[in-house]
Amino acid sequence: MLDDALPALAGYVRHAAEHANKFADSLRDKKAEELLGEATTWTRRQPLWTIAGAAMLGFALCRIVRAGAAPAAAAAVASTEAVNDT
């Protein structure tokens, strides 16, 4: 279906899927110590990408926490008002 509509895009998607499979296979075949060592090495070689990734992760976590905190705060206010009404 994608091959017919956008053949160039289909090639990119197929290429990305192959790389994702190879990456998943390499993760599956390694021990935790090896993965940690590779992550440490990559972090030392690419500090800017590491900082950018950490900032994006922190932003995403902040948004998730705020989204969960807002309904909880609203529920607490509603329950307090219900107790005060009685």
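These exercises work through a predicted model of a single chain.

Residues are numbered from 1 along each chain as its sequence is written. In this predicted model, local features need pLDDT of at least 70, side-chain atom pairs count only at pLDDT 80 or more, and totals for chains, interfaces and linings use all residues; side-chain values use heavy atoms, with hydrogens and water left out.

**Exercise 1. Outline the fold and its confidence.**

Step 1. Count the elements. The chain has 4 helices and 0 strands. Helices (H or I, at least four residues) and strands (E, at least two) are DSSP runs, numbered from the N terminus.

Step 2. Read them in order. The pattern is α-α-α-α.

Step 3. Check the confidence. pLDDT is the predictor's confidence in each residue, from 0 to 100. Its mean over the chain is 83, and 78% of the residues reach 70 or more.

Step 4. Compare the elements. Helix α1 (residues 2-5) has the lowest mean pLDDT, 66. Helix α3 (residues 32-45) has the highest, 93.

**Exercise 2. Describe the surface, then place Val-13 on it.**

Step 1. Start with the chain. Its accessible surface is about 7,600 Å², and 67% of that belongs to carbon and sulfur atoms. Such areas come from the Shrake-Rupley method with a 1.4 Å probe; for residues, only the protein chains shown count as cover.

Step 2. Look at burial. Of the 86 residues, 1% count as buried. Buried means under 20% relative accessible area, exposed over 50%, and partly exposed in between (1.4 Å probe, protein chains only).

Step 3. Locate Val-13. This residue sits in helix α2 (residues 7-28). Its relative accessible area is 43%, so Val-13 is partly exposed.

Step 4. Find its partners. Val-13 joins Leu-6, Leu-9 and Tyr-12 in a nonpolar surface patch, with about 410 Å² of accessible area together. Patches are made of residues with over 30% relative accessible area and no salt bridge; like charges are joined within 9 Å, nonpolar side chains (Val, Leu, Ile, Met, Phe, Trp, Tyr) within 5 Å.

**Exercise 3. Find the salt bridges and classify their residues.**

Step 1. Set the criterion. A salt bridge is a side-chain nitrogen of Lys or Arg within 4 Å of a carboxyl oxygen of Asp or Glu. The whole structure holds 2.

Step 2. Take Asp-25 and Arg-28. Their closest N and O atoms are 2.6 Å apart. Both residues lie in helix α2, 3 residues apart, about one turn of the helix.

Step 3. Classify this pair. Asp-25 is partly exposed at 37% relative accessible area. Arg-28 is exposed at 60%.

Step 4. Take Lys-30 and Glu-38. Their side chains meet at 2.5 Å, N to O. Lys-30 is partly exposed at 28%, and Glu-38 is partly exposed at 41%.

**Exercise 4. Map the surroundings of Thr-50.**

Step 1. Place the residue. Thr-50 is in helix α4 (residues 47-85). Its relative accessible area is 25%, so Thr-50 counts as partly exposed.

Step 2. List contacts, meaning heavy atoms within 4.5 Å. Leaving aside neighbours within four places in sequence, Thr-50 touches Trp-42 and Thr-43.

Step 3. Follow the side chain. That of Thr-50 reaches the backbone oxygen of Gln-46 at 2.9 Å.

Step 4. Compare sequence with space. Thr-50 and Ala-39 are 11 residues apart in sequence and 10.0 Å apart in space, C-alpha to C-alpha.

Terms used:
Polar contact = N/O pair within 3.5 Å; in protein donor to acceptor, adjacent residues only side chain to side chain.
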